[in-house]
Amino acid sequence: MIKKFLPILIASLAITNIAQAQALYQGKVGQKPLEVVLIYLQDKLPDGYAEGRQVTTIKQERIGCTNKQRCLPSTKITFTIDGLEDDSIRAERHILTLEQAPNQPWQIIQKDMSQACRKGRGHTKFATKPCI
């Protein structure tokens, strides 16, 4: 009986260790992916006191499994703030990828940040290159 379940247990531990080794941030048990992202990005969230028009958009997408050996629940959350009170940067976009190992909380495993500049301050579409 133990021989039958041992490979499953070892595989589960390996998946958990792989996910934990590359995690940028780990949420708490019971938190949803969006909750984990909002806590992780709390210093980036608008404070509600912007003088101009500021628009925050959040998009959540489920990621399909491409590797049958390691198929964990995954999601991608795109968090965009447009109308920043900055003379160079008009908008910031954070794209976060999260995974959830069996019986574990959601973890942020990848983060990409880009920005769009104001006219005359560099690129006006989202890119990783800094504004001037």
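Visitor: Is Glu92 buried or exposed, and which side chain of opposite charge is nearest?

Guide: Glu92 is buried yet lacks a salt bridge. The nearest side chain of opposite charge belongs to Lys44, 4.3 Å away. A salt bridge needs a side-chain nitrogen of Lys or Arg within 4 Å of a carboxyl oxygen of Asp or Glu, so this pair is not counted as one. Please keep in mind that this is a predicted model.

Visitor: Where is Glu92, and what does its side chain make a polar contact with?

Guide: Glu92 sits in strand β4. Its side chain makes a polar contact with the side chain of His94, at 3.2 Å. Leaving aside neighbours within four places in sequence, Glu92 is in contact with several residues, including Lys44, Phe79, Ile81, Met113 and Phe126.

Visitor: Lys44 has come up twice. Where does Lys44 lie, and what does it touch?

Guide: Lys44 belongs to the loop between α2 and β2. With residues up to four places away in sequence not counted, Lys44 touches Ile81, Glu92 and His94. Along the chain, Lys44 and Ile81 are 37 residues apart, and their C-alpha atoms are separated by 8.9 Å. Lys44 counts as partly exposed because its relative accessibility is 32%, whereas Glu92 is buried.

Visitor: Let me step back to the whole chain. How many helices and strands are there, and how do they run?

Guide: The chain has 2 helices and 5 strands. Starting at the N terminus, the order is α-β-α-β-β-β-β. Of the 132 residues, 30% count as buried. The accessible surface comes to about 9000 Å², and carbon and sulfur atoms account for 54% of that area.

Visitor: How can I read the share of contacts between residues far apart in sequence?

Guide: Start from the contacts with a separation of 6 or more; residues 24 or more positions apart account for 52% of them. Pro73 gives you a pair to look at: Pro73 and Pro102 are 29 residues apart in sequence, with their C-alpha atoms 8.8 Å apart in space. Pro73 is in the loop between β2 (55-63) and β3 (74-82). Apart from neighbours within four places in sequence, Pro73 is in contact with Leu98, Glu99, Gln100 and Trp106. Pro73 has a relative accessible area of 43%, so it is partly exposed.

Visitor: Back to charges, then. How many salt bridges are counted?

Guide: The count comes to 4 salt bridges. One of them joins the side chains of Arg90 and Asp82, at 2.9 Å from N to O. Arg90 counts as partly exposed because its relative accessibility is 24%, and Asp82 is also partly exposed, at 28%.

Visitor: Which salt bridge links distant parts of the chain?

Guide: Look at Asp87 and Arg121, whose side chains meet at 3.7 Å, N to O. Asp87 is in the loop between β3 and β4, while Arg121 is in the segment after β5, 34 residues apart. Asp87 has 54% relative accessibility and therefore counts as exposed; Arg121, at 30%, is partly exposed.

Visitor: And which residues are linked in a network of salt bridges?

Guide: Lys59, Glu61 and Lys76 are linked in such a network. Within it, the side chains of Glu61 and Lys59 meet at 3.7 Å, N to O. Glu61 is partly exposed, with a relative accessible area of 30%, and Lys59 is partly exposed at 47%.

Visitor: Which residues form a nonpolar patch on the surface?

Guide: Leu38, Leu45 and Ile58 form that patch, and together they have about 210 Å² of accessible area. Leu38 lies in helix α2, residues 33-40. Its relative accessibility is 30%, so Leu38 counts as partly exposed.

Visitor: One last feature, the backbone. What is the phi of Asn103?

Guide: The general idea comes first: most residues other than glycine have a negative phi. Asn103 has a phi near 60°, a positive value in a residue other than glycine. You can find Asn103 in the loop between β4 (89-100) and β5 (106-117). Asn103 counts as exposed because its relative accessibility is 79%.

How values were computed: Residues numbered from 1 in each chain as written. Predicted model: local features only at pLDDT ≥ 70, side-chain atom pairs only at ≥ 80, totals over all residues. Heavy atoms only, no water. Patch = residues over 30% accessible without salt bridge, like charges linked within 9 Å, V, L, I, M, F, W, Y side chains within 5 Å. Areas by Shrake-Rupley, 256 points an atom, 1.4 Å probe, with all protein chains shown as cover. Helix = DSSP H or I, 4+ residues; strand = E, 2+ residues; numbered from the N terminus. Buried < 20%, exposed > 50% of the residue type's maximum accessible area, 1.4 Å probe, protein only. Lys, Arg positive; Asp, Glu negative; His and termini not counted. Polar contact = N/O pair within 3.5 Å; in protein donor to acceptor, adjacent residues only side chain to side chain. Contact = heavy atoms within 4.5 Å.
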